[in-house]
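Here is a quick tour of the model you have open. Keep the viewer handy and follow along.

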Amino acid sequence: MPKPSKIPLAKDKTCEGCHRRPRWSIKSKYCQKCSKSYQRMRNKGYPPEAVQGFWDYIDKYDYVCAYTQMALDLDDPKSSRYMVFDHVVPGDPRKIVPCTALANTMKTDMLVDEFKDAVCQIADHFRLGKPVNIKDPVHWYRLFPKKTGSSDD
Ligand SMILES: [Zn+2]
């Protein structure tokens, strides 16, 4: 007679995303937070390298904003702290990081260095009255396709 198999309880296994919390069911590889993230990444169709990069980030830092280190809200899509996926390079889905909806809205189509420079310049302006000279972000015009064959060319 075969040995009765011992099905481990979900709480005995660690989440494969964050490696911090227990899995939330015996059918899931993930804790509740990581399960939500997994579903959202799948719905968005991110490529495997982006998903792996996301898990590497979560494994290292857990659910904090990549730009502010504020704790991320995974439940309320209306919260300014709601976790969204930032394309590190605007328009390129191959590298994503979790960040607050607020930081993502502020970053818009800037590269990370452009975002930091803009925020610091604006902060210096608010605090010290320094003039602001923000250069055009390199990806700024990607949403405004160039017209071809127009009479202005
Ligand atoms: Zn997890």
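A residue is called buried if 20 or more other C-beta atoms lie within 10 Å of its own, exposed if 12 or fewer do, and partly exposed in between, with C-beta atoms placed from the backbone. This is a predicted model, where local features need pLDDT of at least 70, side-chain atom pairs count only at pLDDT 80 or more, and totals for chains, interfaces and linings use all residues. Numbering starts from 1 along each chain as its sequence is written.

Let's begin with helix 1. Helices (H or I, at least four residues) and strands (E, at least two) are DSSP runs, numbered from the N terminus. Helix 1 takes in residues 32–44, and its 13 residues reach 19 Å from the first C-alpha to the last, close to the 18 Å expected at 1.5 Å a residue. That expected span is 1.5 Å times one less than the number of residues.

Which residues of helix 1 are buried? They are K33, C34 and S37. These residues cover an arc of only 90 degrees around the axis, so they sit on the same side of helix 1; the arc is taken from the directions from the helix axis to the C-beta atoms. Over on the other side of helix 1, you'll find Q39, R42 and N43 exposed. The buried residues of helix 1 pack against helix 2 (48–61), going by contacts, meaning C-beta atoms, placed from the backbone, that lie within 7 Å. Right after helix 1 comes G45, with a positive phi near 70 degrees.

Next, the strands. Strand 1 (residues 83–87) pairs with strand 2 in the antiparallel sense, over five bridges; pairing here takes at least two bridges found by DSSP. In that arrangement M83 stands opposite T100 of strand 2. Why is strand 2 (residues 96–100) described as largely enclosed by the rest of the structure? Because five of its five residues are buried.

Strand 2 turns up again in the core. A nonpolar core is a set of buried Ala, Val, Leu, Ile, Met, Phe, Trp, Tyr and Cys residues joined through C-beta atoms within 7 Å. The largest one has 17 residues, and those with the most contacts inside it are C34, C65, A66, Y67, I96 and C99. Helix 2 and strand 2 are the elements that give two or more residues to this core. Leaving aside neighbours within four places in sequence, I96 is in contact with residues including Y46, A50, G53, F54 and F85.

Now for some backbone oddities. Most residues other than glycine have a negative phi. D62 goes the other way, with a positive phi near 65 degrees, and T108 does too, at about 40 degrees. D62 is in the loop between helix 2 and strand 1, while T108 is in the loop between helix 3 and helix 4.

Here is how some loop residues score for exposure.

| Residue | C-beta neighbours within 10 Å | Class |
|---|---|---|
| D62 | 15 C-beta atoms | partly exposed |
| P90 | 18 C-beta atoms | partly exposed |
| T108 | 14 C-beta atoms | partly exposed |
| L111 | 15 C-beta atoms | partly exposed |

Finally, what do L111 and P90 touch, not counting residues up to four places away in sequence? L111, in the loop between helix 3 (101–107) and helix 4 (112–128), touches V89, P137, V138 and H139. L111 and V138 are 27 residues apart in sequence and 7.8 Å apart in space, C-alpha to C-alpha. P90 belongs to the loop between strand 1 and strand 2 and touches D109, H139 and R142.

Technical notes. Two residues are in contact if their C-beta atoms, placed from the backbone, lie within 7 Å.
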